[in-house]
Each structure stands twice: as structure tokens, then as C-alpha cells.
Amino acid sequence: MNSDKPLTGIRVIEHASGVAAAHAGRLFCLLGAETIMVEATGHSPLRQEPPFIDQEGSSSALFAYLAAGKRSTICDLTATAGKLAFDHLLATADILIDDTPVADRAALGLSPAQIAKNHPHLVHLSVLPFGAIGPKAGWKGTELNLIHAGGEGYLLPNGLSADLFPDRPPLKIAGHFAQMQGGVAAAYAGLAALWTDQGQFVDASVQDANVMVGAFGIQRFGDGSVEHRQTRSFRYGGVIECRDGFVELLMLEERQWQGLITLMGSPDWAHDPEFESVLGRSARGDEINRHIRAWARGWAVENLVARAQEQGVPMARYNEPAHILTGAHETERGIFLDVETENGTMVKVQSLPCRFCAQSLPIDGAVPRPGADQHLLEFGASDKRIGG
Amino acid sequence: MKPLAGIRIADFTVHAAGPFCTHMLSQLGAECIKIETALRPDIFRKSHAIYGRAGPATFDQVSSNKLSVRLNLKHPDGVALAKRLVAISDIAAESFRAGVMARLGLSYKDLRAVRDDIIMVSVSSSGQTGPDSHFAGYAPLFGAWGGLGHLSGHADGPPVEMRHVMDHSVGLHAAMATAAALHQRRRTGKGCHVDVAAREVASSLVGDALTAASAGAQPERMGNDDLRHAPHGLYATKDDDRWLSIAVENDAEWRVFAELIGRADLATDARFALETTRHSNRKALDPIITNWSRTKVGEQAAAQLQQAGIAAHLSWTAADIVSDPHMRLRDAIIDVAETNGTIRAAVGRPYRFSSDPSLGITGGTPEFGGAEDYVFGDLLGLTRPEIDALIDAKAIY
């Protein structure tokens with residue numbers, strides 16, 4: 001157990017059924033907070049969510065990713081004994097994460113007023129699709145709904161995909177992007193609240209978090225223009241197909257454009273006087289991309305990216321999972337850690353995407369079985385903290 | 001009082017991800033001093049013709065609240081002044097390529113020499129270490145490196161490039177990590193160097209797929225599909241380019257949904273009655289649902305579905321968001337007054353604190369070098385002649 005992480009000594013209670021709240025808990029956990037899941041008697045529904053580690057669907061990769069290193073208790077908050085045990089646990093905690101729908105909170109003793117009365121020291125971090133107040137506070141929101149409620153969904157796909165399929169509906173980002181934005185925003189807010197040394201209710205909204213990271217579109221609107229997925233493509237560059245995969249190419253500065261010309265062997269077309277300015281190039285972006293695409297098809301991705309970066313041309317391979325799991329860069333930085341799942345399988349789980357003084361933070365512990373740390377709900381047992 | 005009131009940031013960040021990090025910190029009350037130079041202006045202050053527009057990108061949003069000073073970091077007196085600024089700051093944030101700060105004489109070691117408990121936050125494409133740490137990159141490249149781009153897109157199409165949400169997600173992660181480092185400093189008395197790698201943020205956002213792949217699964221692009229649920233997609237409505245997202249999460253919801261769209265017969269149709277078969281036959285569902293949805297006004301249909309307990313929301317444009325009473329009530333969208341009196345919509349805090357109801361943005365876009373009297377004079381104690389001499393020497397430039 002690493003006892004010197006940024007949040008060592010902090011205890012977080014996580015009562016979560018969705019990705020956003022569980023992701024906030026994951027971040028706290030990996031940062032060193034002792035993070036105790038309080039699962040309902042039917043266990044966290046995230047344990048049943050795909051993708052799965054095994055073909056039988058008995059072990060969720062999503063849950064493994066979100067819960068590795070956490071502790072698990074099972075507690076029936078509809079029963080008096082469960083409420084008492086939960087209250088005792090909360091008395092020892094610094095932060096409570098909860099994503100119970102607003103309408104169900106009071107019955108479980110989880111309303112802001114109830115928590116504030118019984119645990120005034122606590123940062124009560126509510127994480128809901130549309131927040132805890134406002135006309136939509138009771139609305140349901142899955143990943144698909146939330147990426148679209150936040151504005152980014154409407155703007156996707158862009159670039160090559162939008163060119164190829166102009167009549168298809170907008171597109172979500174892979175996985176749980178929107179909910180994870182909600183999770184990281186909530187974790188940040190929770191830490192800021194804790195910084196004040198003042199117990200309080202924090203109302204985090206996944207929709208708001210996605211509008212926040214999509215702030216560009218809001219600013220553009222304020223400037224008098226509305227973005228659309230079929231017009232916000234880069235005028236040249238973007239997704240480029242090579243012999244054995246795709247690369248991304250983006251040049252924002254003149255020296256990068258000059259680097260590309262050098263990389264391409266200084267072809268005649270690139271010396272058209274109109275291409276000397278960004279505006280001139282942008283006006284004939286389609287023509288430039290025809291040249292780039294024809295040229296790139298002859299290249300292997302790995303060689304091309306290496307040569308491009310040597311020339312200071314921003315280019316990256318569209319990495320597939322295997323590239324990332326075994327990549328030299330990722331391996332040297334040690335970002336993937338071996339973790340044991342609840343049924344004993346070893347899998348790779350990414351650590352935090354940030355380091356503290358050159359340390360890639362380890363994941364302390366396995367994916368917990370349901371109720372693996374049930375003793376924490378026994379009176380007295382929970383008073384002792386890990387690393388506290 | 002704002003949660004981070006009393007925290008000061010010496011902000012060397014440029015472009016999108018780094019400034020978004022300090023923007024998130026400033027929205028919660030940290031005093032953020034943005035260090036700029038005419039030698040190489042932040043390209044996000046400039047127009048971006050490659051995007052097909054004349055104006056700057058996100059600069060107004062992410063620079064709001066900030067205090068701008070000029071410093072020429074290629075001049076020794078500029079570097080010396082930067083160090084004096086760091087010495088009175090809690091956080092030094094930067095987003096140059098790995099190694100640039102060291103070449104400027106502003107490495108973590110250099111900054112620790114002037115303030116031992118400084119928290120230095122470095123935001124870069126690939127991190128401060130590793131064979132690719134020198135790589136240049138922007139948001140679409142972060143997404144490409146991290147697998148998020150490869151896994152996004154239609155099943156029969158190419159990868160999708162990530163845009164500013166990627167940058168801003170990196171900045172949000174960096175702000176969260178910085179807050180954690182503050183807690184660590186409070187507990188231990190020690191600062192640290194926080195190294196945020198944008199490509200690792202991107203891969204962390206598909207971390208579940210990578211974990212599955214490590215066990216032998218082969219995650220692929222799947223458009224708007226879900227691995228389990230159906231129907232799950234975007235459906236045309238009565239109005240042009242207005243799309244309704246619908247996600248039915250279980251069999252009970254399916255029965256309600258079938259009745260709501262006037263097709264109660266589908267609830268017992270063997271192709272669709274159970275989640276597993278419904279998912280297998282999901283392509284057959286799409287035209288059926290579209291037959292219903294394209295007769296509906298999107299917002300009304302979304303409300304109707306929500307009333308019935310089914311997750312639905314219209315695919316919103318910026319205009320929808322800016323005018324939404326829910327967002328306005330939450331102060332997630334606020335109006336900001338620029339120095340020239342122009343009022344524009346901006347994005348406020350995506351969370352609310354019971355102890356602090358104040359707005360996240362209280363000042364508009366800073367004028368280039370507009371806070372030098374306060375920063376160099378009041379905070380660092382330089383006299384007017386001293387400041388003028390540094391300006392003449394182009395150390396303040």
C-alpha cells in the first residue's frame with residue numbers, strides 16, 4: 001500500500017450506480033483516498049455492464065476499470081440497520097459521492113438536508129445527469145443523451161467521416177466520454193470543496209460538464225456564428241489514410257506547413273503563390289488534401305509519423321488498443337498496471353493520466369468482490385483509516 | 001468566498017488545454033496571472049484560418065478572469081521576473097513541449113529554488129518523459145494517440161478526430177490533479193511537479209475498452225450503438241437536422257416505449273421483446289422508430305419520453321444551450337460583459353457549491369499586458385521607473 005499519494009488520509013464513500021459518479025470515485029481512489037463503495041443488496045449495476053473481460057459476461061471490464069483499488073461494502077439503505085451502519089461510516093468520511101435520483105434521496109436518508117444535519121463536516125458530492133436543481137433535475141440521461149445534451153454530439157462526426165456520410169445523424173464519441181467528463185468535473189469540485197474545510201453540498205451535473213468542455217461552441221455562438229459538423233472540418237489535413245492505417249495531421253503554424261512541404265519532397269503544386277498564406281491554403285483546402293491523401297497512401301503509418309515529427313509536423317497514428325497497450329512510450333511511462341479482477345483474471349488497467357513528481361501512481365488492490373470489505377460497516381471497525 | 005480564493009497561479013500556458021486548466025482554477029477563485037509575450041503571442045489570441053473563420057478560437061472563454069502581463073522569457077531579466085512571480089505563487093502552470101521550460105531556465109528544479117513548495121503543472125501532448133515526449137500535438141492528435149479517435153466513428157467508416165472537447169478535457173483533468181496536489185501540499189508541506197499527458201487522458205477515456213482488450217477482446221468502432229441496449233440512437237424529427245437521442249435501457253422501458261410510439265404490438269414481438277433479441281435486431285427497429293419520430297417536434301418528444309421514464313434528449317446546438325432555462329438557472333450559462341461593453345454568453349461553473357453561490361466568471365477577456373501595474377507594481381514591488389526600464393530593455397515585452 002502506497003501511503004504517500006496526494007489524497008492519502010482522505011476517506012470517500014461512494015454510493016453510485018452510474019459511470020460519472022463511479023469515475024469520480026475512481027479518481028479519488030487512484031489519487032490515494034480510501035474509497036469505499038456502498039453497494040445495494042443487488043450489487044452495483046456497473047458489475048453487469050459491458051464490455052466484458054470474459055465471453056460469459058460474468059466480469060465487467062468497465063467495472064474493473066472504475067473499481068480497481070476501491071473497497072466494497074453492501075448496505076441496504078431501505079432498512080434501519082443499514083441506515084445506521086451507513087451513518088456510522090459517513091461519520092468517519094470526508095466526502096460522500098451519490099448519484100441517487102433526486103426523487104429517491106429522502107427515503108434513503110440521502111437528501112442534502114438530511115446529510116447536512118447528521119454530517120455537517122461532510123462534502124456531499126451529488127453527481128447527476130442534469131444536476132440536482134433545475135427543471136431537468138429529474139431527467140434521465142444515458143451517455144448517448146448526455147453527449148448530445150452537452151452540444152458536442154451535434155458537431156460529430158467532422159472531417160473525413162462527415163465527408164463520407166453527410167446524410168447520417170450526428171455521432172457520439174466512443175465509450176463513456178460524456179459521463180467521464182462529469183466524473184472528473186465532480187472530482188475537481190469535490191476537492192475544491194474539501195479545500196475550504198467546510199462541509200457542504202456540491203451539485204455536479206454531467207450535462208454542465210460537457211457544456212464546459214464544449215465551451216468553444218458557446219463562444220462561437222456568442223461571436224455570432226454557429227458551428228456545424230459539416231462545416232467545422234479542418235480546411236486541410238485531418239484524418240489521412242496511409243497504407244496500413246490512419247494518421248491525424250494538423251498544422252496551425254507556418255513552420256509546420258513548411259515542414260510538411262519538406263516532408264513531401266517539395267512538390268511543385270505546394271509552391272503555388274496562393275499557398276503562401278493560411279487564407280490562400282484554406283480557400284483551396286480540398287485541393288491540398290487531394291495531394292496529401294494521394295501521397296500518404298504510399299506510406300506506412302509508423303514511418304510517416306516518425307518522419308513528420310522529425311520535421312516538426314504535428315502528426316499521430318490513430319492507435320488501436322493493441323498499439324496503446326504495448327506502445328514503447330506507454331510502456332516506458334508505465335501507465336498500465338496489472339490488476340486482479342473479482343474472479344481472479346489478471347487484466348491491464350490504466351492508472352491516472354497524470355504523474356506527481358515523476359511517480360506513476362500505482363493501483364493499490366484488486367477489483368473488489370461484492371462486500372469484500374463488509375467489516376467496515378461494523379461499528380468501530382470503520383474508524384481506522386488506511387494511511388490515515 | 002470562492003473555494004480557491006487565496007491561491008495564486010503564475011500561468012505560462014498557451015493554446016487550449018493548459019489555459020483551460022487555469023481557467024477551471026480561476027473560476028473557483030484562484031488568482032491567475034497570464035504571462036504572455038509579443039515575441040510569440042498565444043496562437044489562441046490569433047485567428048485560425050485553418051478552421052475556416054477569421055476570429056480567435058476559445059481565447060475569450062479561457063482567458064476570462066485572468067490578469068495579463070508581458071514577459072519576454074528569452075531575456076534574462078524577463079526570466080528573473082518570472083521567477084519572482086513564481087516565488088509569490090502557489091502554482092506555476094505551463095503547456096510547452098517537454099523540455100522548453102528547462103531551456104528557459106524555468107524547470108521544476110529552478111522554480112523550487114525560488115519557492116520550495118511550488119506546485120508546477122505541466123500539460124503536454126505525451127508527458128515529460130518517454131520516447132515520444134518531444135512530440136508536438138493538438139487535440140486531434142491526442143485523441144488519435146490515445147485510441148479515442150480510433151474507437152469513435154461509424155462501424156463502416158474511418159476514425160473521428162477529436163476537437164476542443166479533447167483539449168478541454170485535458171485541462172479539466174489537469175485542474176483536478178492540481179487540486180489534489182494542493183491537498184498533498186497542505187498535508188506534507190511539499191509541492192510537486194504534476195505531469196499531465198494529453199494522450200493518456202484520451203486513453204483513460206476509453207480505459208474500459210483497453211482493459212477489455214488486455215483480456216483478449218477486440219473493441220471496434222460502433223457509431224451510436226450500445227453494446228447491450230436497443231433502441232439506442234439518433235432519430236430524425238419533424239424539423240430539419242433536429243435529431244432525437246433515445247436510449248431504452250431495459251425490457252420494461254421497451255414495453256412503455258412501444259406503447260408510447262403507438263406500436264404496442266412490438267412489445268410482444270419475438271424479435272424485440274427481450275433485450276438480447278432486441279439488440280440483435282436493432283437495425284430493424286430504426287425505420288420503425290423514425291416513422292414515429294419524424295412526425296414529432298423534437299423537444300416535445302423528448303419531454304414526452306422523459307415523462308414516461310425513458311432517457312431521451314434532443315441533439316442540442318449552441319443556440320439551444322445558451323437559451324435553456326435549466327442551464328441559466330444553474331448558472332452553467334452566464335452572460336459576460338467585455339471591456340468594450342459587449343455582452344456575450346459564456347460557460348460558467350459546471351457544479352454548484354452550497355457555500356459559494358458566486359458566478360465563475362467575473363471579468364472578460366484581459367487586455368494584453370493589462371495587469372502589469374498590479375502585478376509588477378503592487379505584487380512584486382517594482383517602481384514605475386524600474387518597470388519602464390524593463391519595458392525599454394524588452395524584458396517586459
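Buried means under 20% relative accessible area and exposed means over 50%, with partly exposed in between. The exercises below apply these classes to a predicted model.

**Exercise 1. Classify A:Arg255 and its salt-bridge partner A:Glu253 by accessibility.**

Solution.
1. The relative accessible area of A:Arg255 is 41%. This value falls between the limits of 20% and 50%, so A:Arg255 is partly exposed.
2. A:Glu253 has a relative accessibility of 14%. Because the limit for the buried class is under 20%, A:Glu253 counts as buried.
3. The two side chains meet in a salt bridge, at 3.4 Å from N to O. The pair therefore joins a buried residue, A:Glu253, to a partly exposed one, A:Arg255.

**Exercise 2. Describe the overall build of chain A: its secondary structure, box and burial.**

Solution.
1. Chain A contains 16 helices and 12 strands.
2. Along the principal axes, its C-alpha atoms fill a box of roughly 80 × 45 × 40 Å.
3. Of the 388 residues in chain A, 63% are buried.
4. Consider the contacts between residues at least 6 apart in sequence: 71% of them join residues at least 24 apart.
5. The accessible surface of chain A amounts to about 13500 Å², and carbon and sulfur atoms account for 52% of it.
6. The charged side chains of chain A number 32 positive and 45 negative, and the centres of these two sets are 1 Å apart.

**Exercise 3. Characterise the interface between chain A and chain B by contacts, buried area and salt bridges.**

Solution.
1. On the side of chain A, 143 residues are in contact with 146 residues of chain B.
2. The size of an interface is often given as the accessible area lost when the parts come together. Here the two chains bury about 12800 Å² between them, with 64% of that area on carbon and sulfur atoms.
3. A:Tyr188, A:Trp195 and A:Met212 supply 7% of the area that chain A buries against chain B, more than any other three residues.
4. Between chain A and chain B there are 13 salt bridges, while the count over all chains is 48.

**Exercise 4. Locate the salt bridge of A:Lys140 and B:Glu249, and show that it satisfies the distance criterion.**

Solution.
1. The criterion asks for a side-chain nitrogen of Lys or Arg within 4 Å of a carboxyl oxygen of Asp or Glu. The N to O distance is 3.9 Å for A:Lys140 and B:Glu249, and the criterion is met.
2. The pair crosses between chains. A:Lys140 sits in the loop between β5 (123-128) and α6 (143-149) of chain A, and B:Glu249 sits in the loop between β8 (243-247) and α11 (251-260) of chain B.
3. A:Lys140 is partly exposed, because its relative accessibility is 28%. B:Glu249 is also partly exposed, at 29%.

**Exercise 5. Which parts of chain B does the salt bridge of B:Arg278 and B:Asp251 tie together?**

Solution.
1. The closest N and O atoms of B:Arg278 and B:Asp251 are 3.0 Å apart.
2. B:Arg278 belongs to helix α12 (residues 275-280) and B:Asp251 to helix α11, so the pair ties together parts that are 27 residues apart in sequence.
3. B:Arg278 counts as buried, at 0% relative accessibility, whereas B:Asp251 is partly exposed, at 22%.
4. In chain A, salt bridges that share partners join A:Arg11, A:Glu34, A:Arg71 and A:Asp373 into one network.

How values were computed. Residues numbered from 1 in each chain as written. Chains lettered and ligands numbered in written order. Predicted model: local features only at pLDDT ≥ 70, side-chain atom pairs only at ≥ 80, totals over all residues. Heavy atoms only, no water. Helix = DSSP H or I, 4+ residues; strand = E, 2+ residues; numbered from the N terminus. Buried < 20%, exposed > 50% of the residue type's maximum accessible area, 1.4 Å probe, protein only. Contact = heavy atoms within 4.5 Å. Areas by Shrake-Rupley, 256 points an atom, 1.4 Å probe, with all protein chains shown as cover. Lys, Arg positive; Asp, Glu negative; His and termini not counted. Charge placed at Lys NZ, Arg CZ, Asp CG, Glu CD. Buried area = accessible area lost by both parts, 1.4 Å probe.
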